[in-house]
Amino acid sequence: MPAEKRSSQPRIVRTYEFPTKPEKQTLGQYLYNSQDGKILGRTSKGINSIQYVAANKSDVAVWVNMLNDFLAPYADHTLLPGGGKNQVICDFNTPPTAGNVCAFDVKNLGPCSAAAGYSYNRSAPCIFIKLNRIYGWQPEFYEDVDDLPTDMPDDLASHIRSLPAPDRRQVWVTCKELTTTDENQLGPIEYLPSQGFPAYYYPYMNIDGYLSPLVAVHLARPKPKTTISIECRAWAKNIIYRGGSRDRAGSVQLFLRID
């Protein structure tokens, strides 16, 4: 059956990383088909959760320190091979030149910066999403605004349509509440520094100093004293998505509770 507009089958993301108590863990083991460029994943066996008491400084410090460790190579380039001297500032019109890689600035993430404590003490935590490195993999972007998948959230589809053509070349990220309720328990979501992974970070070619781009997801007002189920998903034409509790692919489910 021919695919209808906005129904392109997104194919799948390789890995997402979140801070996972008691230490940062990678959520998922994934497979990559180098013949067709498709990525197909399996979720991890454990339950992925973020749970803490916002008024407890020691509790908050556990998460802040974990994120500081995770972001250390981004914040301190001396930790990178060669001291990160081959990192350059990129944009959609200025990709990296041969031998160089694009820098990723974590200092200007607003509420998701280290200076803000990633907003954990404000009961508005940030989670960080990234794709694992796959040598030579090139995302297939949704560049045609008349051919977006029908299951893409309206706000993301509107955002893509509002962008100039070069800026549409991103692997997009969306997060939503899975908890079955008439009430919006998750609250507003902000994506920083943008809602996607820009094209100029791809493909990964194993060059020293390369850092995977990140999307910081700021959960600005989640309902307290409530366990909230959240799904975050990546969007590209060669990322396969499958939800559900079994054989989840192209997404990750986690649980958030702030007391």
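**Pocket, cavity and surface patch in a predicted model**

Reader: What is the volume of the largest pocket?
Author: The structure shown is a predicted model. In this model, the space in the largest pocket comes to about 310 Å³.

Reader: Which residues are the closest to the centre of the largest pocket?
Author: The lining of this pocket consists of 17 residues. Those closest to the pocket centre are Phe-104, Asp-105, Pro-193, Tyr-200 and Tyr-201.

Reader: How many residues in the lining of the largest pocket are nonpolar?
Author: One residue of the lining is charged and four are polar. Tyr and Pro are counted with the nonpolar class, because the classification places them there. On this basis, the number of nonpolar residues in the pocket lining is twelve.

Reader: What volume does the largest cavity have?
Author: Across the whole structure, the search returns one cavity of 30 Å³ or more. The space within the largest cavity is about 70 Å³.

Reader: Which charged residue lines the largest cavity?
Author: By class, this lining comprises seven nonpolar residues, two polar and one charged. Its members include Leu-131, Asn-132, Trp-137, Tyr-210 and Arg-133. Charged residues are Asp, Glu, Lys and Arg, so the class assignment follows from the residue type. The charged member of the lining is Arg-133.

Reader: Is Ile-207 buried or exposed, and what is its relative accessible area?
Author: Ile-207 is located in the loop that runs between β11 (196–198) and β12 (215–219). Together with Tyr-135 and Met-205, Ile-207 forms a nonpolar surface patch with about 280 Å² of accessible area. Buried means under 20% and exposed over 50%. Ile-207 falls in between and is therefore partly exposed, its relative accessible area being 30%.

How values were computed
Residues are numbered from 1 along each chain as its sequence is written. This is a predicted model: local features need pLDDT of at least 70, side-chain atom pairs count only at pLDDT 80 or more; totals for chains, interfaces and linings use all residues. Side-chain values use heavy atoms; hydrogens and water are left out. On a 1 Å grid over the protein atoms alone, a cavity is a set of points where a 1.4 Å probe fits but cannot get out, and a pocket is an open set with protein on both sides within 12 Å along at least five of seven lines; lining residues have an atom within 4 Å of a point. Grid points are joined across faces, edges and corners, and a volume is the space filled by probe spheres set on the points. Patches are made of residues with over 30% relative accessible area and no salt bridge: like charges are joined within 9 Å, nonpolar side chains (Val, Leu, Ile, Met, Phe, Trp, Tyr) within 5 Å. Accessible areas come from the Shrake-Rupley method with a 1.4 Å probe; for residues, only the protein chains shown count as cover. A salt bridge is a side-chain nitrogen of Lys or Arg within 4 Å of a carboxyl oxygen of Asp or Glu. Helices (H or I, at least four residues) and strands (E, at least two) are DSSP runs, numbered from the N terminus. Buried means under 20% relative accessible area, exposed over 50%, partly exposed in between (1.4 Å probe, protein chains only).
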